[in-house]
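Biologist: I have a model open and want to learn how to read it. Where should we begin?

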Amino acid sequence: MIKFLGVIFIIICGAGIGAKASGDLKKRSDMCLCVKTFLSELSILMKYSGDTLFNLISELAERGSISKLTFLSDVINSMLDGTNFPYSWKKALSNDKNLCPELKELLFTLGESLGTSDIDGQLVSIERAAKELLVIHENALSIYRKKGKLYRSIGILGGMTAALLLC
């Protein structure tokens, strides 16, 4: 009986590992959508309120639609301590473990142009970042569709194989 429970446990562990790997791919795609929402809302706020960058990011950080972007609160806290925006932005992005390298690079580039030109120039930068984000999102979604099911299947099969080898 204990041997049977051990075999079932090993299979379940393999399935869990596969589901985790698949979930990581899904999370990557979801983060792209969250960044897309951030860029869209930043663009709208910038265009119609004309407020300071600190106030815009503070307002966006409070919105539930982009709550997954935890680096925004780090940017605000750093700026409250007197650090300038570009350094706060880079530091917060560097410390964020939720963003994939492609999204970090996109946001690093965007941060270099925010606050350095007039509103029209910043809006152009946001629009360019949104176009680049579309490619990143399509790539992440494609990888999830191709490999997500594969990872789940391999997890189950790996668990079964390990169970058979241990029997």
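Modeller: Start with a pair of charges. This is a predicted model. In it, Glu 127 and Lys 131 form a salt bridge, with N and O 3.7 Å apart.

Biologist: What general idea lies behind such a pair?

Modeller: Side chains of opposite charge can pair when their charged atoms come close. The cut-off here is 4 Å between a side-chain nitrogen of Lys or Arg and a carboxyl oxygen of Asp or Glu. At 3.7 Å, the pair of Glu 127 and Lys 131 counts.

Biologist: Where do Glu 127 and Lys 131 lie, and how many residues apart are they?

Modeller: Both are in helix 6, which covers residues 119–166. They are four residues apart, or about one turn of the helix.

Biologist: Why does a spacing of four places matter in a helix?

Modeller: An α-helix has 3.6 residues a turn, so residues three or four places apart point the same way.

Biologist: Are these two side chains buried or exposed?

Modeller: Lys 131 counts as exposed, because its relative accessibility is 55% and the threshold for exposed is over 50%. Glu 127 has 47%, so it counts as partly exposed.

Biologist: How many salt bridges does the structure hold?

Modeller: Seven. Take Lys 20 and Asp 24: their closest N and O atoms are 2.9 Å apart. These two residues are about one helical turn apart because they sit four residues from each other in helix 1. Lys 20 is exposed at 52%. Asp 24 is partly exposed at 39%.

Biologist: Which partner does Lys 26 have?

Modeller: Lys 26 bridges to Asp 30, with 3.6 Å between the closest N and O atoms. Helix 1 holds both, again four residues apart, about one turn. Both are partly exposed: Lys 26 has 33% relative accessibility, and Asp 30 has 24%.

Biologist: Now a charge without a bridge. Which side chain of opposite charge is nearest to Lys 104?

Modeller: Asp 96, at 6.2 Å. Lys 104 has no salt bridge, although it is buried. The cut-off for a bridge is 4 Å, so a gap of 6.2 Å does not qualify.

Biologist: Where is Lys 104, and what does it touch?

Modeller: Lys 104 belongs to helix 5, residues 101–113. Beyond its neighbours within four places in sequence, it contacts Leu 93, Ser 94, Asp 96 and Leu 99.

Biologist: Leu 99 is on that list. Where is Leu 99 found?

Modeller: In the loop between helix 4 (85–95) and helix 5. Leu 99 is buried because its relative accessible area is 6%, and the threshold for buried is under 20%.

Biologist: What does Leu 99 touch beyond its sequence neighbours?

Modeller: Setting aside residues within four places, its contacts are Met 31, Val 35, Leu 69, Phe 71, Leu 93, Lys 104 and Leu 107. Look at Met 31. It is 68 residues from Leu 99 in sequence, yet their C-alpha atoms are 7.1 Å apart.

Biologist: How do I move from one buried residue to a core?

Modeller: Follow buried nonpolar side chains that touch one another. The largest nonpolar core has 37 residues. Those touching the most other members are Val 35, Phe 38, Leu 69, Phe 71, Trp 89, Leu 99 and Leu 103. At least two residues of this core come from each of helix 1, helix 2 (53–61), helix 3 (71–80), helix 4, helix 5 and helix 6. Helix 1 gives the most, with nine.

Biologist: How do I judge whether helix 1 runs straight?

Modeller: Compare its end-to-end span with the expected one. Helix 1 covers residues 2–49, 48 residues in total. From first to last C-alpha it reaches 66 Å, close to the 70 Å expected at 1.5 Å a residue. Just after helix 1, Gly 50 has a positive phi of about 65°.

Biologist: And the whole chain?

Modeller: It has six helices and zero strands. Its radius of gyration is 21 Å, whereas a compact globule of 167 residues would have one near 15 Å. The C-alpha trace spans about 70 × 35 × 25 Å along its principal axes. Of the 167 residues, 35% count as buried.

Biologist: What share of the contacts links residues 24 or more positions apart?

Modeller: 65%, among contacts with a separation of 6 or more.

Key. Residues numbered from 1 in each chain as written. Predicted model: local features only at pLDDT ≥ 70, side-chain atom pairs only at ≥ 80, totals over all residues. Heavy atoms only, no water. Expected span 1.5 Å × (residues − 1). Buried < 20%, exposed > 50% of the residue type's maximum accessible area, 1.4 Å probe, protein only. Lys, Arg positive; Asp, Glu negative; His and termini not counted. Contact = heavy atoms within 4.5 Å. Core = buried A, V, L, I, M, F, W, Y, C linked by side-chain atoms within 4.5 Å. Rg over C-alpha atoms; globule rule 2.2 N^0.38 Å.
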